[in-house]
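Here is a short tour of one protein model, with a few residues picked out along the way. Have the structure open beside you as you read.

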Amino acid sequence: ADFTAEHTIKYEGLMKEPPVLWAIFLSNTAWGILYAHIFNRWGGIQTFGSGFTSGFLISLLIAVSIDLFYYAFMNMNDGMYLCVDAIVTTIMGAIMAGIAAAMLGIGKAKS
């Protein structure tokens, strides 16, 4: 929280206190469903390791794309924050993707 506050340009009403927890839950659920759909439909990815690796790349590309877009158009966060955000988002996404892939692989015979 301190890092975010230090690297965010303050505007009245910008941050919600407290954050909307149900929206955070639904956001993360949507990401998990996206990974599960990609892995099940096109990738056949069904282990934590393969999900983590694939999710790492997907998350990195999405995070960098979104953060660079924000950097280009908005005067809200500095470059340091956006770099850290991309790293944290990538790691969180890779873990979510690994879990989604592992859940897809439950009960499947290993070859």
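## Asn77 and its contacts

Once neighbours within four places in sequence are set aside, Asn77 is in contact with His7, Thr8 and Leu82. You will find Asn77 in the loop between H3 and H4. Please keep in mind that this is a predicted model.

Is Asn77 buried or exposed? Its relative accessible area is 13%, and because the cut-off for buried is under 20%, Asn77 counts as buried.

## His7, seen from the other side

Follow the contact from Asn77 back to His7 and you arrive in another loop, the one between helix H1 (2-6) and helix H2 (21-43). His7 has a relative accessibility of 12%, so this residue counts as buried too.

Which residues does His7 touch, leaving aside its neighbours within four places in sequence? They are Met76, Asn77, Asp78, Met80 and Tyr81. With one of them, Asp78, the side chain of His7 also makes a polar contact of 2.7 Å.

## A nonpolar patch on the surface

Now turn to the surface, where Phe48, Ile87, Ile91, Ile95, Ile99, Met103 and Ile106 make a nonpolar patch of about 670 Å². Which helix gives the most to this patch? That is helix H4 (residues 79-105), with five residues.

Ile99 is a good member of the patch to look at, and it is found in helix H4. The relative accessible area of Ile99 is 44%. Since partly exposed covers the range between under 20% and over 50%, Ile99 is partly exposed.

## Gly49 and Ala94

Helix H3 (residues 48-73) holds Gly49. With a relative accessible area of 39%, Gly49 is partly exposed.

How far apart are Gly49 and Ala94 in space, and how far in sequence? From C-alpha to C-alpha the distance is 9.5 Å, while 45 residues separate the two along the sequence.

## Aromatic rings

To finish, pick out the aromatic side chains. Trp31, Tyr35 and Phe39 form one aromatic cluster. How many aromatic pairs are there when ring centres must lie within 6.5 Å? The count comes to five aromatic pairs by this rule.

Note on methods: Residues numbered from 1 in each chain as written. Predicted model: local features only at pLDDT ≥ 70, side-chain atom pairs only at ≥ 80, totals over all residues. Heavy atoms only, no water. Phe/Tyr/Trp six-rings, centres within 6.5 Å; stacked < 30°, edge-to-face > 60°. Helix = DSSP H or I, 4+ residues; strand = E, 2+ residues; numbered from the N terminus. Buried < 20%, exposed > 50% of the residue type's maximum accessible area, 1.4 Å probe, protein only. Polar contact = N/O pair within 3.5 Å; in protein donor to acceptor, adjacent residues only side chain to side chain. Contact = heavy atoms within 4.5 Å. Patch = residues over 30% accessible without salt bridge, like charges linked within 9 Å, V, L, I, M, F, W, Y side chains within 5 Å. Areas by Shrake-Rupley, 256 points an atom, 1.4 Å probe, with all protein chains shown as cover. Salt bridge = Lys/Arg side-chain N within 4 Å of Asp/Glu carboxyl O.
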